[in-house]
Amino acid sequence: PPPPPPRLRAHAAGGGPDGGERAGGGLGDSALSQGLSVLVGLALCVTMLGLGCAVELGQLGQQLRRPVGVLLALLGQFVAMPLLAFLLALLFALDEVAAVAVLLCGSCPGGNLSNLMSLLVDGDMNLSIIMTAASTVLALFLMPLCLWVYSRHWINTTLVQLLPLGAVSLTLGSTLLPIALGVLVRYKRPRAADLLVKVSLWSLLVTLVILFILTGTMLGPDLLAHIPASVYAIAVLMPLAGYALGYGLAMAFALPPHCRRTVSLETGCQNVQLCTAILKLTFPPQLIGSMYMFPLLYALFQSAEAGLFVLAYKMYGRESYKQEPLGEEEDTDISYKKLKEEEVADTSYGAVSAEERGSAQAEPAQTAL
């Protein structure tokens with residue numbers, strides 16, 4: 001392969017973007033970096049375990065018989081978002097390093113943050129969980145494919161020629177074990193599964209803060225200052241455009257308002273823990289450089305924009321967009337599953353509607369045999 005450009009040679013030598021020495025050496029040369037790799041791996045395992053604990057086999061079977069959630073996950077996460085990332089990389093004329101980081105983030109499956117946000121906007125929780133789980137499984141095949149297809153524009157660069165697609169697939173495959181373990185825990189120990197879901201959500205927030213601080217410390221303020229303004233702009237625009245694309249996709253499927261909010265959040269919220277783990281564990285740190293920060297920047301802005309989404313809904317949208325009643329087979333709000341089962345048990349025998357009372361009084365009472 002051709003020799004790397006001067007900027008990549010500077011990173012490989014442990015220097016800064018101008019070729020000078022960087023304090024603390026390269027990103028992968030310190031004990032702190034090794035600890036960070038362990039933290040990234042553990043955070044990813046906990047996140048995937050929590051995702052598996054949120055999946056109920058009964059609801060999974062219903063979704064597979066009527067796979068709207070799987071189809072929406074396919075279109076949103078592996079058609080709309082990778083294409084959006086590619087177009088933004090072209091629009092802002094990113095170099096190969098920044099472009100690969102953006103494409104990788106855009107090709108990631110949905111993250112657990114969307115499940116939490118969907119709950120806060122009274123969304124369809126089972127749809128949210130099924131979309132997250134389906135996109136995570138589909139990512140095993142489609143994420144490397146999207147990364148390979150959209151990186152062809154930068155094929156003449158060293159980073160793209162050395163793109164570790166095999167290592168990306170291996171990292172994705174390793175996430176299936178904690179997901180399967182979580183599904184088993186949900187089946188055997190539902191209460192323990194509920195606790196693990198809460199732990200995974202809190203660990204998501206805590207690890208993102210720790211990763212941001214540690215990465216900034218290792219890279220140093222000098223290198224962070226050399227992240228192009230265009231990369232910051234993409235970190236702001238990409239989740240916002242993803243939310244809009246998801247909402248439009250749900251409208252195209254004629255979904256009710258609470259499902260539109262769910263699909264919107266599922267499409268814009270990416271699994272930044274997975275993206276960070278892939279960048280950290282599969283790409284040479286001397287090549288990826290400061291772009292290791294991009295998924296963390298994306299996480300920051302996707303959380304802030306989703307928070308604004310939730311705030312706007314709480315202030316203005318709750319009365320206008322109340323959850324529409326669904327049929328019995330489409331009732332998917334797992335948060336109220338037990339309550340609804342009790343209501344059905346109390347009222348299903350001998351209950352009549354207001355319209356039937358008049359005629360019911362004139363008819364003789366019937367005794368069930």
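Helices here are DSSP runs of H or I with at least four residues, numbered from the N terminus. With that in hand, let us walk through this predicted model, starting at one residue and moving outward to the way the helices pack.

Our starting point is Leu279, which sits in helix α14. Its relative accessible area is 1%, so Leu279 counts as buried. What does Leu279 touch, leaving aside residues up to four places away in sequence? The list is Leu104, Ile288, Met291, Tyr292 and Pro295. Leu104 deserves a second look: Leu279 and Leu104 are 175 residues apart in sequence, yet their C-alpha atoms are 8.6 Å apart in space.

Now step back along the chain to Gln270, which is found in the loop between α13 (257–268) and α14 (272–282). Is this loop residue buried or exposed? Gln270 is buried, with a relative accessible area of 1%. Its side chain reaches the backbone oxygen of Gly106 at a distance of 3.3 Å. Gly106 is one of a run of contacts: Gln270 also touches Cys105, Ser107, Cys108, Pro109, Gly110 and Gly111. Further contacts of Gln270 are Gln77 and Met81 on one side of the sequence, and Tyr298 and Gln302 on the other, again not counting residues up to four places away.

A third residue to find in the view is Leu249, in helix α12 (residues 229–252). At a relative accessible area of 18%, Leu249 falls under the 20% cut-off and is therefore classed as buried. Leu249 touches Leu72, Leu75 and Gly76, not counting residues up to four places away in sequence. With Leu75 the separation in sequence is 174 residues, while the C-alpha to C-alpha distance is 8.4 Å.

From single residues we can turn to helix pairs, and α7 makes a good hub. The axes of α7 and α13 lie 9 Å apart and make an angle of about 25°, so these two helices are roughly parallel to each other. Their crossing is right-handed. On the α7 side the contact is made by Leu127, Ser128, Met131 and Thr132, and these meet Cys259, Thr262, Val263 and Glu266 in α13. Sorted by class, this contact has 4 nonpolar, 3 polar and 1 charged residues.

Another partner of α7 is α9. How do the axes of α7 (residues 125–150) and α9 (residues 165–174) cross? They come within 9 Å and cross at roughly 155°, and the two helices are therefore roughly antiparallel. Here too α7 passes its partner α9 in a right-handed crossing. The α7 residues involved are Ala139, Leu140, Met143, Pro144, Leu147 and Trp148, which meet Leu165, Val168, Ser169, Leu172 and Gly173 in α9. By class, the contact of α7 with α9 has 9 nonpolar, 2 polar and no charged residues.

Follow α9 onward and you reach α10 (residues 176–188), packed against α9 at about 15° with the axes 4 Å apart. That angle makes α9 roughly parallel to α10. Leu172, Gly173 and Ser174 of α9 meet Leu176, Leu177 and Pro178 of α10, a contact with 4 nonpolar, 2 polar and no charged residues. Leu172 and Gly173 may look familiar: they also appear among the α9 residues that meet α7.

How values were computed. Residues are numbered from 1 along each chain as its sequence is written. This is a predicted model: local features need pLDDT of at least 70, side-chain atom pairs count only at pLDDT 80 or more; totals for chains, interfaces and linings use all residues. Side-chain values use heavy atoms; hydrogens and water are left out. Axes are lines fitted to C-alpha atoms, for helices over the stretch in contact, and angles run from 0 to 180 degrees between N-to-C directions. Angles under 35 degrees count as roughly parallel, over 145 as roughly antiparallel, 65 to 115 as roughly perpendicular and the rest as oblique. A crossing is left-handed if the near helix is turned anticlockwise from the far one by less than a right angle, and right-handed if clockwise. Contact means heavy atoms within 4.5 Å. Ala, Val, Leu, Ile, Met, Phe, Trp, Tyr, Cys and Pro count as nonpolar, Asp, Glu, Lys and Arg as charged, and the others, Gly among them, as polar. Buried means under 20% relative accessible area, exposed over 50%, partly exposed in between (1.4 Å probe, protein chains only). A polar contact is a pair of N or O atoms within 3.5 Å; within protein, one must be able to donate a hydrogen and the other to accept it, and residues adjacent in sequence count only if both atoms are side-chain atoms.
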